[in-house]
Amino acid sequence: MNSYRQLIAGLIMAVGLCVVSGQQSSETEQLKQQLQQLQENLERTQREYQAQIQELQKRVHDLEQTSAGAPARLSHGQPVVTDLDKESNPGSNWVAATASSSRGSASILRPLESKDGRSYLDIGLIGTFAAGTSTADDISGGTQLGGHDPNQRGFTVQGIEANFAGAVDPYFRANANVLFQVDEDGESRLELEEAWLETLSLSSGLQVRAGEFYTEFGRQNSLHPHAWAFVDQPVVLGRFLGPDGLRNPGARASWLTPTPFFSELLLSVQNSQGETASSFRSGGGHGNADESALPLAYRHADNDRGVDGLEDLLLSPRYALSLDLTDNQVLLLGASAAFGPNSRGSEDAGSTLTQIYGFDLTWKWKSPEHHAGFPFVSFQTEGLMRRYEAGHFDWDENGNGLVDFGEVVDSTTGLPAFLARETLTDYGFYSQLLYGFRKGWVAGLRFEYSAGETADYEQSSLTLDGEPLGRDPLRSQRWRVSPNLTWYPSEFSKIRLQYNYDDRLVVGVDHSVWLQFEFLLGAHAAHRF
Amino acid sequence: MRFLSSFLLLMIALPTQGRLNVVATTPDLAAIAREVGGSAVNVISLARPTEDPHFVEPKPSLIVKLRDADVLIEGGAELEIGWLPALVDRAGNRKISPGGTGHIKANDGVRMLEVPTELDRSQGDIHAAGNPHYLADPQNACIVARHIEKTLCALEPQSASQFRANTDQFVHDLEAKLAFWRQTLAPFKGQTVVGYHNSWPYFAERFGLRIDLFLEPKPGLPATPTHLAEIIGQMKQRRARVIIVDRYLDRRTAEAVASRTGAKVIEVTHFPGGIKDTEKGYVALMDYLVNALAKAFAR
């Protein structure tokens with residue numbers, strides 16, 4: 001290559017001299033043209049040679065892979081060093097052995113490989129199970145609000161999650177998580193956790209995701225259960241975002257702002273109905289509580305007016321910002337919200353809206369000389385507040401003016417209760433501290449508190465089947481402390497022991513012990529911070 | 001208001017200063033990029049030289065670095081698979097995505113060792129693309145330098161001659177140094193060096209050493225007493241006198257084994273800056289490794 005360049009330079013100089021020595025301009029033009037032609041010819045030849053060299057290099061490389069460990073290599077045509085002297089090298093047996101193992105593999109692996117070693121579709125399977133016991137009488141939907149929490153004394157299949165991920169084409173990547181579960185009655189359930197496609201790179205830091213996905217609300221809601229640091233879902237998330245977390249079909253835009261620190265703005269628009277939008281247009285009770293349990297705010301969700309405009313969808317903005325406090329410490333702060341209609345109240349209850357606000361803080365220290373990520377210390381907290389407009393509701397649903405079985409009664413009048421419209425305010429937080437004290441071992445401690453302002457329906461003297469109702473157990477004060485210890489034999493398995501001290505205002509104190517075990521097969525995408 | 005607007009302007013203006021932003025995943029790749037790019041580029045490494053490169057924390061700040069990058073140099077052998085892909089996805093930077101103009105897969109053309117014949121995780125944490133620590137062989141550093149040269153020349157043709165000259169110089173220096181390093185270690189050819197983790201096969205091959213005993217029973221698994229007893233037996237049999245331990249690995253285990261076998265533990269690193277006196281770059285790193293080993297052997 002250099003010799004071509006020298007040749008061209010020489011020609012240019014020669015031509016330059018001719019021009020200087022007073023040739024006529026037409027001749028100069030001619031010469032210029034000739035020179036250009038010459039240059040083009042040279043460049044073409046050069047390209048051809050380069051292609052040939054590359055082809056040869058590739059062949060040599062392939063030959064190296066298939067020939068018996070001859071380490072002669074090319075570095076852009078320049079052999080930097082000669083072969084190892086095999087005869088005088090007693091270590092060469094070992095060298096030959098490794099070389100041959102690399103040789104045998106190439107053909108076996110090649111069918112699996114696509115560009116840069118990633119396959120078209122990464123498939124992974126994660127199985128999470130729990131075993132344990134609790135003093136509580138109402139484990140599923142009572143002490144354990146999460147849909148994938150341990151749900152009974154004995155064993156629980158928390159979830160068998162299949163994950164499919166890959167690049168679709170040069171424009172999109174896609175991801176799907178399908179979860180198989182066995183509930184406490186032994187019934188199998190199949191859930192679509194997520195299935196979405198996302199743009200690979202729009203300009204200006206924008207990305208768009210569409211499909212079924214977890215709402216980006218706070219820290220834990222968008223994590224799949226296997227990535228949680230504790231066996232079960234935090235109480236406040238179970239109460240506000242629902243047993244399966246807040247997720248629904250929709251679209252989301254995220255924007256990485258052009259700042260020198262990490263700062264991201266997200267906006268999701270999703271459907272607002274269904275069991276995975278439990279503070280919104282969700283029909284059932286709260287949580288995965290017993291079907292016979294009273295619904296939220298003691299009124300049914302008969303007030304579903306469907307979707308007429310954007311305001312009837314679930315709108316969730318989030319802003320997150322992160323700073324490196326030192327080389328070893330990261331801080332991430334986030335503020336989230338979710339707005340949408342709910343369907344609580346009688347059919348004619350009018351517009352009823354839910355607003356959920358959240359603030360989260362994550363801090364992590366990782367040793368500058370960590371091995372496999374240990375030791376580390378991390379702290380994460382999320383605080384949430386919910387304002388829930390409950391529409392009016394008349395328990396005399398059949399209009400006969402008499403108390404029928406299963407109807408809530410106002411004991412002051414002895415008639416079916418009429419519940420006026422009111423706004424419920426609830427709040428809560430969890431904080432968790434994790435200490436990875438040696439490779440594969442993490443000790444955790446979580447503290448949780450959740451409560452609601454006493455609402456009118458809780459103050460009035462309501463009874464059901466002669467029993468006074470009083471405060472709503474799923475909105476009243478509760479706190480829980482959970483120490484745990486996790487051992488990761490490798491990145492692909494874990495065993496976790498957790499104890500929960502649970503104090504519910506209405507129910508009293510309960511103790512639970514859960515042992516969780518998990519396996520991971522196949523591919524698993526890198527976790528984000 | 002004026003303060004705010006100038007602050008915003010500053011924030012937006014900061015990342016680009018006219019020079020190419022080169023982001024390398026690990027400090028060894030960064031060191032080679034500095035040799036090639038010289039003063040015309042701005043090079044940073046995502047991993048720090050003292051940490052375990054398999055488990056870099058995917059800090060959000062790294063997303064910002066990738067977003068602002070013109071060039072990304074990755075090892076290409078799954079060393080960074082646990083943390084890099086999610087960051088690149090989130091950065092949404094077309095230039096550095098696989099296939100982009102500034103994306104360099106550094107191990108192209110490198111003959112990978114220990115590519116597994118079957119993918120079986122009961123054999124520990126293995127890399128499907130082969131052992132990723134290929135830069136412990138200086139000849140592979142030359143290959144990587146040429147990749148970087150090619151990409152930088154294409155992105156900034158006006159500095160191409162400088163990049164070419166830098167690379168030629170680097171390769172030339174390495175060539176000279178390599179002869180010297182091989183000469184230094186020649187008296188110890190065939191000797192056994194015990195490693196903690198199997199990250200030195202390329203070094204072993206280049207310098208004719210046997211680095212095939214490991215304190216880990218399987219890649220990524222902690223040492224067990226039975227396995228260590230076996231290693232101690234083998235070390236005595238083979239008269240192994242040197243144990244090498246990466247900075248971030250458990251040195252105490254190595255010291256315990258050394259005290260039972262009369263071997264010497266030396267701290268090693270794959271990364272310039274991982275140990276004192278290696279900060280200057282790739283050549284300084286190799287100088288350190290070769291000299292430390294030679295000294296330990298000659299003891």
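## Strand β1 of chain B and its surroundings

From strand β1 of chain B, the residues B:L20, B:V22 and B:A24 point one way and B:N21 and B:V23 the other way, and all are buried, where buried means under 20% relative accessible area with a 1.4 Å probe and protein chains only. In a regular strand the side chains alternate between the two faces of the sheet. Because five of the five residues of β1(B) (residues 20-24) are buried, the strand is largely enclosed by the rest of the structure.

This is a predicted model, in which local features need pLDDT of at least 70 and side-chain atom pairs count only at pLDDT 80 or more, while totals for chains, interfaces and linings use all residues. Residues are numbered from 1 along each chain as its sequence is written, and side-chain values use heavy atoms, with hydrogens and water left out. Helices (H or I, at least four residues) and strands (E, at least two) are DSSP runs, numbered from the N terminus.

Two strands pair if DSSP finds at least two bridges between them. The table lists the partners of β1(B).

| Partner of β1(B) | Bridges and sense | Residue pair |
|---|---|---|
| β2(B), residues 41-45 | five, parallel | B:V23 and B:I44 |
| β3(B), residues 71-74 | three, parallel | B:V22 and B:V71 |

Between β1(B) and β2(B), to which five bridges join it, the chain passes through helix α2 (residues 27-37) of chain B, and this β-α-β crossover is right-handed: with the strands pointing away from the viewer, the path from the first strand over the helix to the second runs clockwise.

Helix α2(B) is mostly covered, with nine of its eleven residues buried; among them are B:L29, B:I32 and B:V36. The elements that cover these buried residues include β1, β2, β3, α5 (138-155), α6 and α10 of chain B. Just after α2(B), B:G38 takes a positive phi of about 55°.

Two of these covering helices also pack together. Helix α6 (residues 160-185) and helix α10 (residues 282-298) of chain B pack at an angle of about 5°, with their axes 10 Å apart. They are therefore roughly parallel to each other, a term for angles under 35 degrees. Residues of α6(B) including B:F170, B:L174 and B:W181 meet residues of α10(B) including B:M286, B:V290 and B:F297, contact meaning heavy atoms within 4.5 Å. By class, this contact of α6(B) with α10(B) has eleven nonpolar, two polar and two charged residues.

Technical notes:
Chains are lettered from A and ligands numbered from 1 in the order in which they are written. Buried means under 20% relative accessible area, exposed over 50%, partly exposed in between (1.4 Å probe, protein chains only). Axes are lines fitted to C-alpha atoms, for helices over the stretch in contact, and angles run from 0 to 180 degrees between N-to-C directions. Angles under 35 degrees count as roughly parallel, over 145 as roughly antiparallel, 65 to 115 as roughly perpendicular and the rest as oblique. Ala, Val, Leu, Ile, Met, Phe, Trp, Tyr, Cys and Pro count as nonpolar, Asp, Glu, Lys and Arg as charged, and the others, Gly among them, as polar.
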